[in-house]
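Work through the exercises below with the structure open. Each task is followed by a solution in steps.

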Amino acid sequence: MSPLNTIHLCQIFKNLDKNGDGLVSIDELMWLLERIGVQCRRDELELLVGDKALDTTDFLFFYETLVIKGNNFYQEKCKVEGEDQILESDLRKAFRVFDLNDDGFISSEELQIALSRLGLWDEQDCEHMIGVYDTNKDGLLDFEEFKDMMCA
């Protein structure tokens with residue numbers, strides 16, 4: 001189950017669409033990935049996206065493909081390159097973006113601040129987002145729970 005619903009994703013799309021043309025370009029996707037610490041080459045992203053830009057429907061499908069279906073792009077990249085550490089390294093970098101106080105956990109407050117700083121959306125139910133993957137029900141995401149969320 002994804003912590004992001006269609007309303008959240010449409011808001012993220014709107015915020016990513018920096019030039020307001022109704023499309024999220026490869027450059028805008030690259031900006032997001034760089035901000036969250038995920039390393040991806042432009043040609044890899046172009047291969048995955050298939051076009052130079054995504055409209056809202058394509059963006060939702062892109063999200064479903066990457067997040068809901070197990071982040072296949074990075075999993076396949078790791079298999080092809082023979083480097084199982086690539087996904088783990090990218091996830092650790094992304095985790096640090098959200099773990100603002102560097103205590104090894106992501107709270108709903110940290111998630112809200114980080115998402116706001118990234119310009120990804122204005123109103124969010126961060127407690128619910130965390131609750132979906134908070135397996136030990138302590139109200140926080142540790143790295144393993146974060147990894148499960150990102151690769152679910």
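**Exercise 1. Which residues of H7 meet which residues of H8, and how do the two helices cross?**

Solution.
- Start with the contacts in this predicted model. From H7 come Ser108, Leu111, Gln112 and Leu115, and they meet Cys126, Glu127, Met129 and Ile130 in H8.
- Next, describe the packing. Two packed helices are described by the angle between their axes and the distance between the axes.
- Take the values. Helix H7 spans residues 108–118 and helix H8 spans residues 126–133; their axes come within 8 Å and cross at roughly 120 degrees.
- Classify the angle. Perpendicular covers 65 to 115 degrees, and antiparallel needs over 145. H7 and H8 are therefore oblique to each other.
- Add the hand: H7 and H8 make a right-handed crossing.

**Exercise 2. Place Ser108: is this residue buried or exposed, and what does it contact?**

Solution.
- Locate Ser108 in helix H7.
- Check its accessibility. Ser108 has a relative accessibility of 10%, so it counts as buried. The cut-off for buried is under 20%.
- List its partners. With neighbours within four places in sequence left aside, Ser108 is in contact with Cys126, Glu127 and Ile130.

**Exercise 3. Describe the packing of H2 and H3.**

Solution.
- Get the geometry. The axes of helix H2 (residues 26–35) and helix H3 (residues 42–49) come within 11 Å, crossing at roughly 120 degrees.
- Name the class: H2 is thus oblique to H3.
- Name the hand: H2 passes H3 in a right-handed crossing.
- Find the contacts. Ile26, Asp27, Leu29, Met30 and Leu33 in H2 meet Arg42, Leu45, Glu46 and Val49 in H3.

**Exercise 4. How many aromatic pairs does the structure hold, and what geometry does the pair of Phe95 and Phe146 have?**

Solution.
- Count: there are 4 aromatic pairs.
- Examine Phe95 and Phe146. Their ring centres lie 5.4 Å apart, with 70 degrees between the planes. Over 60 degrees counts as edge-to-face, and this pair is edge-to-face.
- Place the rings. Phe95 is in helix H6 (residues 85–98) and Phe146 in helix H9 (residues 143–151), so the pair links distant parts of the chain, 51 residues apart.
- Check burial. Phe95 is buried at 7% relative accessible area. Phe146 is buried too, at 1% relative accessibility.
- Turn to Phe98 and Phe146. The ring centres are 6.2 Å apart and the planes stand at 50 degrees, so the pair is tilted.
- Place this pair. Phe98 lies in helix H6 and Phe146 in helix H9, so the pair ties together parts that are 48 residues apart in sequence. Both Phe98 and Phe146 are buried.
- Assemble the group: Phe95, Phe98, Phe143 and Phe146 form one aromatic cluster.

**Exercise 5. Which charged residues lie over the rings of Trp31 and Phe143?**

Solution.
- For Trp31, look at Lys18. The charged end of Lys18 sits over the Trp31 ring, 4.1 Å from its centre.
- For Phe143, look at Arg92. Arg92 lies over the face of Phe143, at 3.9 Å from the ring centre.
- Connect the results: Phe143 is also a member of the aromatic cluster with Phe95, Phe98 and Phe146.

**Exercise 6. Where does Asp21 lie, and how far is it from Asp55 in space?**

Solution.
- Locate Asp21 in the loop between helix H1 (6–16) and strand S1 (24–25).
- Read its exposure: with a relative accessible area of 44%, Asp21 is partly exposed.
- Compare sequence and space. Asp21 and Asp55 are 34 residues apart in sequence. Their C-alpha atoms are 9.3 Å apart.

How values were computed: Residues numbered from 1 in each chain as written. Predicted model: local features only at pLDDT ≥ 70, side-chain atom pairs only at ≥ 80, totals over all residues. Heavy atoms only, no water. Phe/Tyr/Trp six-rings, centres within 6.5 Å; stacked < 30°, edge-to-face > 60°. Helix = DSSP H or I, 4+ residues; strand = E, 2+ residues; numbered from the N terminus. Buried < 20%, exposed > 50% of the residue type's maximum accessible area, 1.4 Å probe, protein only. Lys NZ or Arg CZ within 6 Å of the ring centre and 35° of its normal. Axes fitted to C-alpha atoms, helices over the stretch in contact; angles between N-to-C directions. Parallel < 35°, antiparallel > 145°, perpendicular 65-115°, else oblique. Left-handed = near helix turned anticlockwise from the far one by under 90°. Contact = heavy atoms within 4.5 Å.
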